[in-house]
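Open your viewer, switch to a cartoon view and keep the selection box handy. We will go from stop to stop, with something to select at each one.

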Amino acid sequence: MSLRHPKRENLKSRKDIDQLFSEGKSISQYPVKLLYIKMETYPFSKAAFAVPKRNFKRAVDRNRIKRQMREAYRLNKSVLNTNKPGHYALLFLYIGSDAEAYTAISQAFAHLLKSVQK
C-alpha cells in the first residue's frame, strides 16, 4: 500500500460532513477526537482535519497541528485497509488545549484507526 495522501482522499463535501455530524460515531484519544461513518459509495476512505480557532488563535499554530495530523494519518492509514473491507468518511478534531508533541499525536492516530477497524 502506498503511503501517499492525494488530494482526492480529502473529505470536502458539505453534505457528507453534515451526515458525519448527524449520524457518525465518535472515539476520543487525547489529544484527538475522531468522527467516522462507513460510506459504501466511496472508492477509498476520505479524511478531514480540524483545529479549533477558540484554542489556537494564530493560524500558524493551527496549520502546524493540521500538518502533523495529516502526516500521522498518512503513516497510519494502512491500518484501515486490513481485515475488513469498506471505506469511511473520517473527521479528525484536535481537542487538546495546548500543542502536543508529534509522537503523542501519532500514537493517538494509531489507536483511533485500530479502534475504527474493530
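Start by selecting strand 1 and strand 2, which pair in the antiparallel sense over 5 bridges. Strands here are DSSP runs of E of at least two residues, helices are runs of H or I of at least four, and both are numbered from the N terminus; two strands pair if DSSP finds at least two bridges between them. Show S26 and you will find its bridge partner, L35, in strand 2.

Before moving on, a word on what is on screen: this is a predicted model, in which local features need pLDDT of at least 70 and side-chain atom pairs count only at pLDDT 80 or more, while totals for chains, interfaces and linings use all residues. Residues are numbered from 1 along each chain as its sequence is written, and side-chain values use heavy atoms, with hydrogens and water left out.

Next, look at the turn of this hairpin, where 2 residues lie between strand 1 and strand 2. Select Y30 and P31: the peptide bond joining them is cis, with omega about 10°. P31 sits in the loop between the two strands. For background, most peptide bonds are trans.

Now widen the selection to the whole sheet. It is open, has 4 strands in the order 1-2-4-3, and its pairing is mixed. Strand 1 (25-29) and strand 3 (46-50) are at the edges with a single partner strand each, so one side of each has no neighbour in the sheet. Strand 3 runs parallel to strand 4 (residues 88-94), joined by 5 bridges. Show A48 here, and L91 of strand 4 stands opposite.

Turn to helix 3 (residues 102-117), which lies across strands 1, 2, 3 and 4 and runs at about 145° to strand 1. Contact means heavy atoms within 4.5 Å. Angles run from 0 to 180 degrees between N-to-C directions, with axes fitted to C-alpha atoms, for helices over the stretch in contact.

Add helix 2 (residues 59-76), which packs against helix 3 at about 45° with the axes 9 Å apart. The two helices are therefore oblique to each other, a label for angles that are not under 35 degrees (roughly parallel), over 145 (roughly antiparallel) or 65 to 115 (roughly perpendicular). To see the contact, show residues including M69, Y73 and L75 of helix 2 and I105, F109 and L113 of helix 3.

For the last stop, select K77 and E9, whose side chains meet in a salt bridge (2.6 Å, N to O). The term means a side-chain nitrogen of Lys or Arg within 4 Å of a carboxyl oxygen of Asp or Glu. K77 is in the loop between helix 2 and strand 4, and E9 is in the segment before helix 1 (14-23), 68 residues apart.
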